[in-house]
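Work through the exercises below with the sequence and the model open. Try each task before reading its solution.

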Amino acid sequence: MSTNSQGKSKKPVSAKDRRDKAAAARAAQEAAEKRRDRMIKIVGGLGVLVVVGAIIGGAVWQSRSNSSASGSTVLPSPNPDAPLPKGVVNSGENAYAVPVGDAPATAPLLQVWEDYQCPSCKSLEDANGQGIEELATGGKARLFWRPTAFLDPKLAADNLKNKAPDSSHRAIAAWGCAIDAGKAREYHDIVYKNQPAIEGTGYTSATLLDFGKQSGITGDAYTTYETCVNDGTYLGWAVNSLKAFNDAAVPGTPAGYLNGTEIQSDVLSDKAKLDELVAGATT
Amino acid sequence: MSVDAPAPARARRVAGNRVVGLVLRLVLAGVLGFAGLVKLFAPGGASDAIIAYRIPGMNGQIADILGWLMPAGEVLLAVLLLVGFFTRWAALATALLMACFIVGIASVWARGYSIDCGCFGGGGEVSAEGKTWRYTSEILRDLLFTGMAVWLVAWPNTLFSLDSKPNPDLYPEGDLDDESLDDLDATEAF
C-alpha cells in the first residue's frame, strides 16, 4: 500500500508532511464535529421550542374553549356600578360583602369568604356556622360574609352536565334576591344545609327558587324573588365579589379574617377557640 | 475520575454513569412533564395553588402569571431532560425549582397552614388530618428529585442525549496518532 502511494507521489513522505497532514485531518475533523454540534443545537433547540410551544398552545386553546363552553349563563364583566342587594356596598374593606347583625363599630371586624359549592365551607358551617352568626347577633363582632364563585371554572364541566352552569355565581345572585327580601341569614343557612353531596352537582334554577321558599319568602315577596332570580339581577354583584376575592389573593375557601388577619382554619371551625380569639381582639 | 485509571475500567465507569444519567433524566422528565401538563391543562393553571402558599406580596395578578409560567417551565425542563439537551442547565434549573418547592412546603408547614401542595394539580386548603406525614413525604420526595437533578449537574454526559457526540465510545480521548494517520493515508490513496 505504501509503495503504491509513494509511486504515485514520487516524493518520500517526510515526518513534517505527516505532521501537517495529521494537523489538517484533525482540523477537518474538529470542524466537522463543530458543524455537527451546531446543527444538533439548532435542530434540537427548534424541536424543543416547537414541542413546548405546541403543548402550551394546546393548553391555552383548551382553557379558551372551556371558558366559552361554560358561558351558557353569560356572566357579565366586572362593573362596580352593577346593582347591589340591600346593605351591600361597592367599595372599602367590605366591598360586595353581606353585613350580618348589628354589632357596634367598636367591635372587631370578622370577614368570612365562602363559595356556595365548596364542601369545606359546608364543613365549616356544620361545625361552627351557628357560632359565627352568634358572634354577630350577640354584638361581639362585625360579621361580613364575603361571597366568592372561584369554583365555577373548576366545576364547569360537571355543572354543565347537571344543567346548572355557573352554580356558585347563580347561587350568590339568588342570595342577593333573598337579601332584598330580608332573608340573608336564612338563605345562607339553607344553601349549606342542602349542598349536594357530590361537588359539582351545582344548583339548578328550580333549586334556587326552592331555597327562597325554604328561607321563608312568601307572597308578593316571593314573586319579586322569583323575578329577581330569573332575571339574574345580581349576577354582576357575584362577578364583582369574585374579582375582589381574586384581587385580595384569598387562599381558597373557607377563609376567615379577624381585623384583616387570617384566622387559622382549626380556630375558625371551633366555637370556643374563635370566641376566645374574638374576645381578645381589639378594633 | 482519575486520568490514571486503566482505560477499560474508566470506560466502564463512564458508561455506567451514562446509563444512570439516562434513567435519572427520564424519571425527572416524567415527573416534571406530568406535573406541568396537569397544571397547564387545569382551569386557571396553578394560580389558586400558588395563592394557598401565602407568599408575602402575592396578589391575584402575579399568581395568574406564575400559575401559567411555572407549569410551562416545568414542561420545558421535562422536554429538555427527555431529549438530553442542555442537560446540565436543565438539571440545575430543576434542582433550584425543587429547592423552591421544598422551601415553600416547609414554610407553610412552619406557619401552621394545612394545604394541598398542588404539586401535581389541585392545591388549596385541606383538612389538617395527616398533615405531618403529608408534608414530610412531600419534602422527602422533592429532596430525592433534587438529589437526582444534582447528579445530572455533576455528570451531565448521559446516554441517548442530544448533548453528547453521536457515539463517544468511537471517539476516544486524545489526538489522532500516527497509526490512524496511516489509515487515513491508505484511504486517500485509493
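**Exercise 1. Find how strands S2 and S3 of chain A pair, and how many bridges join them.**

Solution. Take strand S2 (residues 109-114) and strand S3 (residues 142-147) of chain A. Strands here are DSSP runs of E with at least two residues, helices are runs of H or I with at least four, and both are numbered from the N terminus. Two strands pair if DSSP finds at least two bridges between them. S2(A) and S3(A) run parallel and are joined by six bridges. One point of register: Leu109(A) has Arg142(A) as its bridge partner in S3(A).

The model is predicted: local features need pLDDT of at least 70, side-chain atom pairs count only at pLDDT 80 or more, and totals for chains, interfaces and linings use all residues. Residues are numbered from 1 along each chain as its sequence is written, while chains are lettered from A and ligands numbered from 1 in the order in which they are written.

**Exercise 2. Follow S2(A) to strand S4 of chain A, then S4(A) to S5(A).**

Solution. Step one: S4 (residues 255-258) of chain A runs antiparallel to S2(A), with four bridges. Val112(A) finds its bridge partner in S4(A) at Gly256(A). Step two: S4(A) pairs with S5(A) over three bridges, again in the antiparallel sense. Here Tyr257(A) faces Glu262(A) of S5(A). Step three: look at the turn. Two residues separate S4(A) and S5(A), which form a hairpin. Asn259(A), in that turn, has a positive phi of about 50°.

**Exercise 3. Give the strand order of the chain A sheet. Which strands stand at the edges?**

Solution. The order is S1-S3-S2-S4-S5. This is an open sheet of five strands with mixed pairing. S1 (98-100) and S5 (261-263) of chain A are the edge strands; each has a single partner, so one side of each lacks a neighbour in the sheet. On average, neighbouring strands of this sheet are turned by 30° against each other, direction ignored.

**Exercise 4. Inspect the loop between H9 and S4 of chain A for unusual backbone geometry.**

Solution. Start at Ala249(A), which lies in this loop. Its phi is positive, near 50°, in a residue other than glycine. Move on to Pro254(A), in the loop between H9 and S4 of chain A. The peptide bond joining Thr253(A) and Pro254(A) is cis, with omega about -5°.

**Exercise 5. Describe how H5(A) packs against H8(A).**

Solution. Helix H5 (residues 167-180) and helix H8 (residues 219-231) of chain A have axes 9 Å apart, at an angle of about 155°. Axes are lines fitted to C-alpha atoms, for helices over the stretch in contact; angles run from 0 to 180 degrees between N-to-C directions. H5(A) and H8(A) are therefore roughly antiparallel. (Under 35 degrees counts as roughly parallel, over 145 as roughly antiparallel, 65 to 115 as roughly perpendicular, the rest as oblique.) The crossing is right-handed. (Left-handed means that the near helix is turned anticlockwise from the far one by less than a right angle; right-handed means clockwise.)

Now list the contact, where contact means C-beta atoms, placed from the backbone, within 7 Å. H5(A) brings Ala174(A), Cys177(A), Ala178(A) and Asp180(A) against Tyr225(A), Cys228(A) and Val229(A) of H8(A). By class, that contact has six nonpolar, no polar and one charged residues. (Ala, Val, Leu, Ile, Met, Phe, Trp, Tyr, Cys and Pro count as nonpolar; Asp, Glu, Lys and Arg as charged; the others, Gly among them, as polar.)

**Exercise 6. Treat the chain B helix pairs H3(B)/H4(B) and H4(B)/H5(B) in the same way.**

Solution. First pair: H3 (residues 60-83) of chain B and H4(B) have axes 9 Å apart, at about 140°. They are therefore oblique to each other. Their crossing is left-handed. Leu77(B), Leu80(B) and Leu81(B) of H3(B) meet Thr87(B), Ala90(B), Ala93(B) and Thr94(B) of H4(B). Five of these residues are nonpolar, two polar and none charged.

Second pair: the axes of H4 (residues 87-110) and H5 (residues 131-154) of chain B come within 8 Å and cross at roughly 160°. That makes the two helices roughly antiparallel. H4(B) passes H5(B) in a left-handed crossing. Their contact divides into 18 nonpolar, three polar and three charged residues.

**Exercise 7. Which element of chain A gives the most residues to the side that touches chain B?**

Solution. Count both sides: 33 residues come from chain A and 33 residues from chain B. On chain A, the elements giving two or more residues are H1 (2-9), H2 (15-69), H9 (235-247) and H10 (265-268). H2(A) gives the most, with 17 residues. The chain A side divides into 15 nonpolar, 11 polar and seven charged residues.

Note on methods: Two residues are in contact if their C-beta atoms, placed from the backbone, lie within 7 Å.
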